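Here's a quick tour of a two-chain model, with a stop at some odd backbone angles, the core and the chain contact. Have the structure open while you read.

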Amino acid sequence: MRPFRYERAEDAGAALAAAAAEGATFLGGGTNLVDLMRLGVETPAVLVDVTRLPFREIEETEAGGLRIGAGVRNSDLAADPRVRSRWPALGEALLSGASGQLRNRATTGGNLLQRTRCPYFQDVTAPCNKRAPGSGCSARAGEHANHAILGWSERCVATHPSDMAVALTAFDALVHLVGRDGGRECPVEGLHRLPGDEPQRDTVLERGELIVAVELPPLAAAERSAYRKVRERASFEFALVSVAAGLELEDGCVRQVRIALGGVAHKPWRAHAAEAALHGVPATAASFRAAADAELEQARPLRDNAWKIELARNAIVRTLVELTR
Amino acid sequence: MPAPELVEITLRVNGEAHTLVVDTRISLLDLLRERLGLTGSKKGCDHGQCGACTILLDGRRANACLALAVAHDDCEIVTIEGLEHPLQDAFVEHDALQCGYCTPGQICSAVGMLGELELGWPSYAAEDVAVAPRLDAGEIRERMSGNICRCGAYPNIVAAIEDVA
């Protein structure tokens with residue numbers, strides 16, 4: 001591992017000042033970053049530890065939502081009674097991710113900023129446009145069975161690995177950011193990018209910008225919600241496909257619905273077409289299937305992952321059907 | 001390569017304070033094993049995937065391999081050497097191991113897991129995450145999935161934990 005300077009920030013101002021140094025990177029729980037440093041994928045000159053900043057609380061907002069500090073650990077967020085009762089799919093998404101040990105360390109901000117687990121990205125001997133821009137995409141013609149079916153580019157077919165971010169995307173969450181020029185908000189849905197010509201840029205964050213909180217607005221559909229994760233083993237594994245969905249019903253019809261998919265794109269994929277197709281229609285398996293079809297019409301499978309389209313379709317339908325029970 | 005960066009930190013390990021000057025790159029796992037001679041915590045994968053290095057960090061289970069020592073100044077660490085818990089006897093009684101390499105991590109993880117259960121934390125095995133959890137074999141398997149046993153002693157590991165829970 002390349003030697004680095006370590007700085008522990010006690011407040012946001014100090015963190016931003018330290019992050020202005022050449023080659024500086026923020027350190028959260030380190031569960032992904034330290035691993036990538038060991039692999040030689042990340043080579044920061046300075047680590048700015050932000051885990052002791054005062055962003056470790058989960059608070060009710062005046063609007064009736066929750067403001068989650070960026071330093072809140074994944075296990076604490078999953079255990080929060082408000083999350084479990086009012087945004088259960090978020091609790092389930094968090095609990096479906098990683099292991100008990102890792103969730104105890106991983107932070108809310110860090111979870112959002114974790115990197116893809118594409119094996120070529122993690123292998124410094126392989127061409128990868130995300131790690132070494134312009135070097136090529138090894139997955140495009142290589143092993144890509146578990147890569148993207150939506151929104152990919154010729155430059156990159158990787159998927160975003162977070163479960164938590166899928167639920168946050170479904171539930172209209174906002175990210176609160178601070179930078180050297182002040183603060184701003186960004187929808188979680190708009191935080192991550194599609195790869196396009198710049199797959200090295202995972203998110204819209206500016207250099208040195210820091211996530212300080214994630215805000216969940218109150219949302220009726222979130223109260224009846226679930227996270228379904230399809231994977232190759234029952235636990236401690238990334239998704240092949242995942243679905244976060246919330247449903248509010250009125251007289252057997254869909255009053256409000258939220259759907260986001262994981263494991264299918266370079267970012268958590270909000271299923272707007274499926275949601276639009278469901279507004280006001282009877283909450284039946286046939287409606288859900290038609291909505292899934294409307295979303296997946298835009299899917300473009302790679303050579304070896306057309307099966308993911310059917311898997312995503314079935315996962316959407318089954319998740320929604322179970323929410324009607 | 002730039003020169004190594006050295007920092008002084010203090011850790012409490014198994015109740016004893018240690019002040020050391022460390023390279024910023026050293027993990028808690030390497031520090032425990034190479035600097036303090038506490039070789040109970042094992043290095044399996046060094047990527048947070050196997051759980052053999054599991055310790056209790058400020059009372060919570062964590063992978064020591066992914067924890068930079070420098071980021072844990074003033075933290076309280078308990079390793080298998082500092083544990084005295086009925087799970088240790090239960091693992092022996094239930095023959096919950098073959099080669100034993102994963103065992104320190106399994107036991108530290110199970111101790112942490114039982115603490116999480118006491119706090120009422122849910123798991124992905126729950127039908128309803130809003131309801132207080134009840135431990136059964138399925139819950140134990142889900143909650144212990146961060147600890148791999150390549151000998152496949154899982155049935156007896158689950159039995160040992162069930163016995164103590």
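A:Asp172 counts as partly exposed because 19 other C-beta atoms lie within 10 Å of its own, and a residue needs 20 or more to be called buried. Keep in mind that this is a predicted model. You'll find A:Asp172 in the loop between α8 (164–170) and β6 (174–179) of chain A. What's odd about its backbone is a positive phi of about 60 degrees, although A:Asp172 is not a glycine. Most residues other than glycine have a negative phi.

Chain B has an Asp with a positive phi too, B:Asp58. Here are both of them:

| Residue | Phi | C-beta atoms within 10 Å | Exposure |
|---|---|---|---|
| A:Asp172 | about 60 degrees | 19 other C-beta atoms | partly exposed |
| B:Asp58 | about 50 degrees | 13 C-beta neighbours | partly exposed |

B:Asp58 sits in a loop as well, the one between β3 (54–57) and β4 (60–63) of chain B.

Now for the inside. The largest nonpolar core has 152 residues, and A:Val48, A:Ala89 and A:Ala167 touch the most other members. Helix α13 (residues 307–323) of chain A gives the most to this core, with 7 residues. Leaving aside residues up to four places away in sequence, A:Ala167 touches A:Ala89, A:Leu90, A:Ala93, A:Tyr227 and A:Ala244.

And where do the chains meet? The contact draws 32 residues from chain A and 37 residues from chain B. On the chain A side, elements that each supply at least two residues include β1 (5–8), α2 (33–39) and α5 (88–96). That side splits into 12 nonpolar, 12 polar and 8 charged residues.

Definitions and conventions:
Residues numbered from 1 in each chain as written. Chains lettered and ligands numbered in written order. Predicted model: local features only at pLDDT ≥ 70, side-chain atom pairs only at ≥ 80, totals over all residues. Contact = placed C-beta atoms within 7 Å. Helix = DSSP H or I, 4+ residues; strand = E, 2+ residues; numbered from the N terminus. Nonpolar A, V, L, I, M, F, W, Y, C, P; charged D, E, K, R; others polar. Buried ≥ 20, exposed ≤ 12 C-beta atoms within 10 Å, placed from the backbone. Core = buried A, V, L, I, M, F, W, Y, C linked by C-beta atoms within 7 Å.
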